[in-house]
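Trainee: Could we go through this one together? I'd like to practise reading a model residue by residue.

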Amino acid sequence: MRQWPADLPPFLWGAATSSHQVEGGNHNDWTQWEEAGRLQGRVPSGEACDHYHRFEKDFQLFRQIGINAYRLSVEWSRIEPAPGQFSAPALAHYQRVIESCRAQGMEPVLTLHHFTLPIWFASRGGFLNPDAPALFERFVRRVVEALGDEVRFYVTINEPMIYAVMSYGLGTWPPGHKRLTEVWKLLPRLLASHQRAYRAIKESQPGAWVGLAHHMVAFEPYDPRSRLDQADSKVLHYLFNRRFIQQTDSTQDFIGLNYYSRQYTRHPHFLTPVPAKPGAQVTDMGWEVYPEGMEMLLRDLKGFAKPILVTENGIAADDTRRVQFIADHVRAVSRAQAEGAIVRGYFYWSALDNFEWAEGYRPRFGLIAVDYRTQERTLRPSADFYRRIIAANRNLWPVSALPAPVPPASGL
Ligand code: FCB
């Protein structure tokens, strides 16, 4: 297993965002989708959190929480607005962002593709296009050239399986296709795109840590005694959770895990799990809170013998539940570490309230509340709770110290 660098904190305590969800003022396949009225009455992303202009102030707030790492993404449509034409101002912008992130003592973890595409790329069929891997590689090379060794951690593609299913299987996200055959065509292209990006990054920055952020769901049989439900869970665990990780085993230096929830498999609805049992307490996204699922998946990832980063984990709900959620999931990390999983980081989703794709602005995931009318930011009590967890674990590995008691609720 590759040695964790001695000059890094033993555990990355972070928070995450993505360009389209926080920057504002984008012009990509998502803005086209939003402008075409595909959000079912929800407000388009528009100015979002205006993080594009307010990143420095935001970083000061993040530092108040004490995070030592920040996961963000670069917006391809800004960097390469037309095929082969790279925007020097956009690259310079991200250089400033990374510089400022480092100046605030946060290790940047940079995602290269987080769901959005330049319009020119989308109109050529996006990642379905046989040329996509080469085009993605060209973009990645430019980014890595511009950022040099300022970025040590790269996530090439965020949640390939979710992207494939939402955009090409269920049609909820652009381009809105509902064709299973396209999902199967897309996945090998995403794989090739990742592999080419991996090699390009390592060629230019051999010391970089490159991986993907894999969305994993804790699949469990609806009826624990049903053989069919059990079998369906196993099939989904392989197809949705593990297959892409296995295929990228030789081209990832760490495993990124995005974990949110459990889902139940229930015959006769094969491969179409249900999110919760009747009466279960769910979040504002309708997702069940199930920290044990994260522990189970982290244990499952042990076999890959690689450092693991929890690249996303979070909740849209009132802040009291957020505090509990963080406490329970950090405990799950700690238990998984005790069982041998080399978990090296935890990134709460999200640093800020933001644009939650097809759900628009209603769900609030942030440690920091955003008033979208005034762009005013307010740290929630959960941010203070997270701060205390981080302070109690400074320079500790594995994670062990959990502060108590949980702070009181607030209306934020
Ligand atoms: C993940 C996405 C992220 C965010 C969270 C809630 O699937 O990667 O952008 O929307 O869900």
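What follows is a short chat about a helix, two cysteines and a surface patch in this predicted model.

Trainee: Let's start with H7. What span would you expect for this helix at 1.5 Å a residue?

Mentor: H7 runs over residues 132–147 and has 16 residues. From first C-alpha to last, the helix reaches 23 Å. That's close to the expected value, which is 22 Å.

Trainee: And what comes just after H7, which residue takes a positive phi?

Mentor: Look right past the end of the helix, which closes at residue 147. The phi there is about 50°, and the residue is Gly148.

Trainee: Is Val144 buried or exposed?

Mentor: Val144 sits in H7. Its relative accessibility is 2%, and the cut-off for buried is under 20%. So Val144 counts as buried.

Trainee: Which residues does Val144 contact, leaving aside neighbours within four places in sequence?

Mentor: One partner is Tyr154, ten residues along the chain from Val144, with 9.5 Å between the two C-alpha atoms. Contact is about heavy atoms within 4.5 Å, so a C-alpha separation like that doesn't settle the matter. The full set for Val144 is Tyr154, Ile201, Ser204 and Gln205.

Trainee: Zooming out, which elements do the buried residues of H7 pack against?

Mentor: The buried residues of H7 include Leu135, Phe136, Phe139, Val140 and Val144. Their packing partners as a group, helices and strands alike, are H4, H5, E3, H6, E4 and H9.

Trainee: On to the cysteines. How many disulfides are there?

Mentor: A disulfide needs two cysteine sulfur atoms within 2.5 Å, so the distances decide it. By that rule the count comes to zero. For Cys49, the nearest cysteine sulfur is that of Cys101, and the distance is 16 Å.

Trainee: Are Cys49 and Cys101 buried or exposed?

Mentor: Cys49 has 0% relative accessibility, so Cys49 counts as buried. Cys101 comes in at 1%, so its label is likewise buried.

Trainee: Now the surface. Which elements give two or more residues to the nonpolar patch?

Mentor: The patch is formed by Leu228, Val235, Phe270 and Leu271, with about 350 Å² of accessible area together. Val235, for one, lies in helix H10. The elements giving two or more residues are H10 and E7.

Trainee: What is the relative accessible area of Val235?

Mentor: Patch members need over 30% relative accessible area. Val235 falls in the partly exposed class, because its value is 38%.

Note on methods: Residues numbered from 1 in each chain as written. Predicted model: local features only at pLDDT ≥ 70, side-chain atom pairs only at ≥ 80, totals over all residues. Heavy atoms only, no water. Helix = DSSP H or I, 4+ residues; strand = E, 2+ residues; numbered from the N terminus. Buried < 20%, exposed > 50% of the residue type's maximum accessible area, 1.4 Å probe, protein only. Expected span 1.5 Å × (residues − 1). Patch = residues over 30% accessible without salt bridge, like charges linked within 9 Å, V, L, I, M, F, W, Y side chains within 5 Å. Areas by Shrake-Rupley, 256 points an atom, 1.4 Å probe, with all protein chains shown as cover. Salt bridge = Lys/Arg side-chain N within 4 Å of Asp/Glu carboxyl O.
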